[in-house]
Amino acid sequence: SLGMDESLFKHLEQNLDAVVQLNVQYRMNSTIMSLSNKLIYEGKLVCGSEQIATATLQLPKWNELHVLGLKDTWLQDALEPYKPVCFLDTEKVS
């Protein structure tokens with residue numbers, strides 16, 4: 001099978017010198033990162049900068065949601081800039 005039945009990562013895992021766990025990330029703010037940090041990285045994961053750690057969604061017309069009739073709705077909760085994590089129950093969405 002020419003070795004195609006095994007992924008490159010599985011092959012590299014056999015040589016512990018070839019595997020390095022990364023501990024700096026540059027894509028998620030600290031709140032979003034906290035779940036994977038606790039479950040996978042044993043608290044060793046850090047944000048690459050303070051700017052990334054504190055980044056939030058910037059919506060230029062956030063204060064105008066009431067004009068669109070979206071104030072006090074689930075959509076407002078989901079887009080809240082100071083709540084970077086929001087779990088939505090999509091069970092009833094068809």
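Colour the chain by secondary structure and follow the elements from the N terminus: the order in this predicted model is α-β-α-β-α-α, which amounts to four helices and two strands. Before selecting single residues, zoom out to the whole chain, where the C-alpha atoms fill a box of roughly 60 × 40 × 20 Å along the principal axes. The radius of gyration is 20 Å, whereas a compact globule of 94 residues would have a value near 12 Å.

With the surface switched on, the protein exposes about 8400 Å², of which carbon and sulfur atoms supply 57%. Buried residues make up 13% of the 94 residues. If contacts are drawn between residues at least 6 apart in sequence, 24% of them join residues at least 24 apart. Colouring by charge shows 8 positive and 12 negative charges, and the mean positions of these two sets lie 6 Å apart.

**First stop: L22**

Select L22, which is placed in the loop between α1 (8–13) and β1 (24–25). Is this residue buried or exposed? L22 counts as exposed because its relative accessibility is 63%, above the cut-off of 50%. Exposure does not leave L22 without partners: setting aside residues up to four places away in sequence, L22 touches Y41 and L45. Show the C-alpha atoms of L22 and L45 as well, since these two residues are 23 apart along the chain and their C-alpha atoms are separated by 7.8 Å.

**Second stop: N29**

Move on along the chain to N29, in the loop between β1 and α2. In contrast to L22, which is exposed, N29 has a relative accessible area of 7% and is therefore buried, the limit being under 20%. Which residues does N29 contact, leaving aside neighbours within four places in sequence? The partners to display are C47, I52, A53, A55 and P84. For C47, one of these partners, the C-alpha atom is 7.1 Å from that of N29, with the two positions 18 residues apart in chain numbering.

**Third stop: E42**

Select E42 next, in the loop between α2 (30–39) and β2 (46–47). The backbone deserves a look here, as phi of E42 is near 55 degrees, a positive value in a residue other than glycine. At a relative accessibility of 63%, E42 counts as exposed.

**Fourth stop: C47 and C86**

Now return to C47, already met as a contact of N29, and add C86 to the selection. C47 is buried at 17% relative accessibility, while C86, at 36%, counts as partly exposed. Why do these two cysteines not form a bond? The sulfur of C47 is 20 Å from the closest cysteine sulfur, that of C86, and this is too far for a bond, given that a disulfide requires sulfur atoms within 2.5 Å. The count of disulfides accordingly comes to zero.

**Last stop: N63**

Finish at N63, in the loop between α3 (50–53) and α4 (74–79). N63 counts as exposed, with a relative accessibility of 66%. To place N63 relative to an earlier part of the chain, select S36 too: the two residues are 27 apart along the chain, and their C-alpha atoms are separated by 32 Å. Set this beside the pair L22 and L45, 23 residues apart, with a C-alpha separation of 7.8 Å.

Note on methods. Residues are numbered from 1 along each chain as its sequence is written. This is a predicted model: local features need pLDDT of at least 70, side-chain atom pairs count only at pLDDT 80 or more; totals for chains, interfaces and linings use all residues. Side-chain values use heavy atoms; hydrogens and water are left out. Buried means under 20% relative accessible area, exposed over 50%, partly exposed in between (1.4 Å probe, protein chains only). The radius of gyration is taken over C-alpha atoms; the globule rule is 2.2 Å times the number of residues to the power 0.38. Contact means heavy atoms within 4.5 Å. Accessible areas come from the Shrake-Rupley method with a 1.4 Å probe; for residues, only the protein chains shown count as cover. Lys and Arg count as positive and Asp and Glu as negative; His and the chain ends are not counted. The place of a charge is taken as NZ of Lys, CZ of Arg, CG of Asp or CD of Glu.
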